[in-house]
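Thanks for coming, everyone; I would like to walk slowly through one structure this morning, and I will try to give the reasoning as we go. Please have a look at it first.

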Amino acid sequence: MLISFLLQKSSRRPMMMMMSIQKTPFPKSSFLSTMARTTSAAVHIDRFTPSSSTNSSTTTTQQYQQRLPNQVHQRNALYQDEVARTLGDVTASVRHDWTKDEIAAIYQLPFYELMHRASMVHRMYWNPSEVQQCTLLSIKTGGCTEDCKYCSQSTRYKTFVKPTPTMKVQEVLQAAQRAKDAGSTRFCMGAAWRELGNKQNAFAHILEMVRGVNAMGLEVCCTLGMLTAEQAQQLKQAGLTAYNHNLDTSPEHYPNVITTRSYEDRLQTIANVRDAGISVCCGGILGLGEKETDRVGLLHVLATLPEHPESVPINALVAVQGTPLGDQQQQQEDEDQEEDAMKSVDVFDMARMIATARIVMPRTMVRLSAGRLSFSDAEQFLMFQAGANSIFNGDKLLTTSNPEFDADQALFRKLGFQGKPAHQGPLVAPAEADGHVIVTHVRAEAQLA
Ligand code: SF4
């Protein structure tokens, strides 16, 4: 009920990216060839590509460096008449009417095919050389009253985490400066709370932190639990770039993981963030005992929101001793149960999830998040090929370990990646700048009819 209410409520906002689209995610090539045959004017090269009369290599180089607007609504407005993009044998579009069956069909593609398609979609919408580095700092650790069965910070479980008070503003700003010096362009602050609620003192300090980090030229993100509409507005005014609030898993599996707040509560916070004009960061965790249908179900909820989250973090469970899911995984590994065992997440699970997210939400930053330490460089490369374009650096992700900064720098050098600057939009993709991406526009439709 509430979900449909939220969707209706949100539908009053301008829907830059709602557009008429083809029915299948990968239409047969006859769709485009019919379009091209109907009228040559029906197929347009996107406005960010050089015109066919401009073909000097210097112009192309400049086009590579061209950035799209960072403000997501400005960016979306550029694409309001866009129907689909095609590169080689792959066609993709920004859609909000995905069915679960369509997403499941993508998720279940043979792995080699899924990777090919995701990689092509990535190259149509993003510059694959650019990977944003973010830092996540726990500004208030432990002591949370929620019962998330994976979380080391819940008071309900006996884990290694010792609750600590909220960090001082200056300490946080110093940490942000260190993150900036190390190459991060986005700084996220997390507090282990059910909700911001009536914590007025703490909120005043957080607003100060947001202002301070923003003044350093970094993108600022917070994850503070549930937010009211008014709190979201205040955060926006302080200069907050993004708010993270994960859905974690599908609506069906969610009650097996968390019982102290509902899926609808989470969607309400996301709607409050969206309404305040803050960019939405919302993703999930693999390894919560979910089935593949739950992974598809989570992507279905995200990809059918009136506006896709600008950022979707994909996490692999870091099993922590003392948490129900951590203990369950350990016990099942010990007993070596073949049937129904809660297996740890492997690189293929992660790549499949990232690739499907990339295909169904092509304009979204897909962030390779917790659990990265358990994957080799080669495995992480597979995830970048699947369409991930952000990592979290620093040796800690809230309370769990993360690769050392130097290791990440070496990985970037090895793979030829550059970081994404703060507050600047994505680089135009080389395939797009070269004119290899065919962009079909909505006005071609009337001619097709
Ligand atoms: S995930 Fe967040 S809300 Fe859930 S127990 Fe941990 S800190 Fe609390």
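I will take the core, then one helix, then the ligand, and finally two residues in loops. Please keep in mind that what you see is a predicted model.

Let me begin with the largest nonpolar core, which has 107 residues, and in which Tyr243, Leu317 and Ile354 touch the most other members. Helix 14 gives the most to this core, namely eight residues, and the core draws at least three residues from each of domain 1 and domain 2. If we leave aside neighbours within four places in sequence, Leu317 is in contact with several residues, among them Tyr150, Ile285, Leu325 and Val345.

Now to helix 5, which covers residues 100-107 and whose buried residues are Ile103, Ile106 and Tyr107. Seen down the axis of helix 5, these buried residues fall within an arc of 100°, so they line one face of the helix. An α-helix has 3.6 residues a turn, so residues three or four places apart point the same way. The buried residues of helix 5 pack against helix 6, helix 12 and helix 14.

Around the ligand we find residues including Cys144, Cys148, Cys151 and Arg194, and this shell divides into four nonpolar, three polar and two charged residues.

Finally, the loops: most residues other than glycine have a negative phi, yet phi is near 75° for Asp248 and near 55° for His423. Are these residues buried or partly exposed? Asp248 counts as buried because it has 22 C-beta neighbours inside 10 Å, whereas His423, with 13, counts as partly exposed.

Notes
Residues are numbered from 1 along each chain as its sequence is written. This is a predicted model: local features need pLDDT of at least 70, side-chain atom pairs count only at pLDDT 80 or more; totals for chains, interfaces and linings use all residues. A residue is near a molecule or strand if its C-beta atom, placed from the backbone, lies within 6 Å of it. Ala, Val, Leu, Ile, Met, Phe, Trp, Tyr, Cys and Pro count as nonpolar, Asp, Glu, Lys and Arg as charged, and the others, Gly among them, as polar. A residue is buried if 20 or more other C-beta atoms lie within 10 Å of its own, exposed if 12 or fewer, and partly exposed in between; C-beta atoms are placed from the backbone. Helices (H or I, at least four residues) and strands (E, at least two) are DSSP runs, numbered from the N terminus. The arc is that of the directions from the helix axis to the C-beta atoms. Two residues are in contact if their C-beta atoms, placed from the backbone, lie within 7 Å. A nonpolar core is a set of buried Ala, Val, Leu, Ile, Met, Phe, Trp, Tyr and Cys residues joined through C-beta atoms within 7 Å. Domain bounds come from an automatic or database domain assignment.
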